[in-house]
Amino acid sequence: MTTKILALTDALGNLVRFVLLPGHRFDTVGVPPLIDGLAFGGLIADKASIATPSSPI
C-alpha cells in the first residue's frame, strides 16, 4: 500500500497545509481541501499524473 502527500507551500517554500491520500486515489481529490478558504494571487503546480484515463500518456 502506498500513500500520496499533497502539500501547499507559500512563496518561500514554507508548508501551509498538507493532505494524505491513499496511493490509488487521483491527486485531484486532495486539491480542494488544500485551497479551500484561501485567497491567493497565483497558483503554480506540477503535472505528476494525468487525471483523465482517456488522455494519451
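**Close-up views of a small β-β-α chain**

**View 1. Ile-5 meets its partner across the strands.** Ile-5 stands opposite Leu-20 in β2. This is a predicted model, so read every view as a computed picture. Ile-5 itself is found in strand β1, which covers residues 3–9. Is Ile-5 buried or exposed? Its relative accessibility is 63%, and because of that it counts as exposed.

**View 2. A nonpolar patch sits on the surface.** Stay with Ile-5 for a moment: together with Leu-15, Phe-18 and Leu-20 it forms a nonpolar patch on the surface. Taken together, these residues have about 460 Å² of accessible area. Which element gives the patch its largest share? That's strand β2 (residues 15–22), with three residues.

**View 3. Two strands make a hairpin.** Here β1 and β2 run antiparallel, and seven bridges join them. One pairing to look for is Lys-4, which stands opposite Leu-21 in β2. Now follow the chain around the turn: the hairpin has five residues between its strands. Gly-13 is the residue to pick out in this hairpin, as it takes a positive phi near 90 degrees.

**View 4. Five residues build the largest nonpolar core.** Which residues make up this core? They are Leu-6, Leu-8, Val-19, Leu-21 and Leu-34. The elements that give two or more residues to the core are β1 and β2. Leu-21 may look familiar, since Lys-4 stands opposite it.

**View 5. Gly-23 comes back to the start of the chain.** Gly-23 has its place in the loop between β2 and α1, the helix of residues 31–35. Set aside the neighbours within four places in sequence, and Gly-23 is in contact with Thr-2, Thr-3 and Lys-4. Met-1 is worth finding here too: 22 residues separate it from Gly-23 in sequence, yet the two are 6.9 Å apart in space, C-alpha to C-alpha.

**View 6. Arg-25 shares the loop.** Arg-25 also lies in the loop between β2 and α1. How far is its C-alpha atom from that of Lys-4? The separation is 8.4 Å, for residues that are 21 apart along the chain. Arg-25 counts as partly exposed because its relative accessibility is 38%, a value that falls between the limits of under 20% for buried and over 50% for exposed.

**View 7. Leu-43 lies past the helix.** Move on to the segment after α1 and you'll find Leu-43. With 55% relative accessibility, Leu-43 counts as exposed, since the cut-off for that word is over 50%. Leu-8, one of the core residues, makes a handy reference point: Leu-43 is 35 residues away from Leu-8 in sequence and 9.9 Å away in space, C-alpha to C-alpha.

**View 8. Stepping back to the whole chain.** How many helices and strands does the chain have? There is one helix, and there are two strands, in the order β-β-α from the N terminus on. Of the 57 residues in the chain, 11% are buried. The accessible surface adds up to about 4800 Å², and carbon and sulfur atoms hold 62% of that. As for contacts with a separation of 6 or more, 14% of them are between residues 24 or more positions apart.

Conventions. Residues numbered from 1 in each chain as written. Predicted model: local features only at pLDDT ≥ 70, side-chain atom pairs only at ≥ 80, totals over all residues. Heavy atoms only, no water. Patch = residues over 30% accessible without salt bridge, like charges linked within 9 Å, V, L, I, M, F, W, Y side chains within 5 Å. Areas by Shrake-Rupley, 256 points an atom, 1.4 Å probe, with all protein chains shown as cover. Salt bridge = Lys/Arg side-chain N within 4 Å of Asp/Glu carboxyl O. Helix = DSSP H or I, 4+ residues; strand = E, 2+ residues; numbered from the N terminus. Buried < 20%, exposed > 50% of the residue type's maximum accessible area, 1.4 Å probe, protein only. Core = buried A, V, L, I, M, F, W, Y, C linked by side-chain atoms within 4.5 Å. Pairing = 2+ DSSP bridges. Contact = heavy atoms within 4.5 Å.
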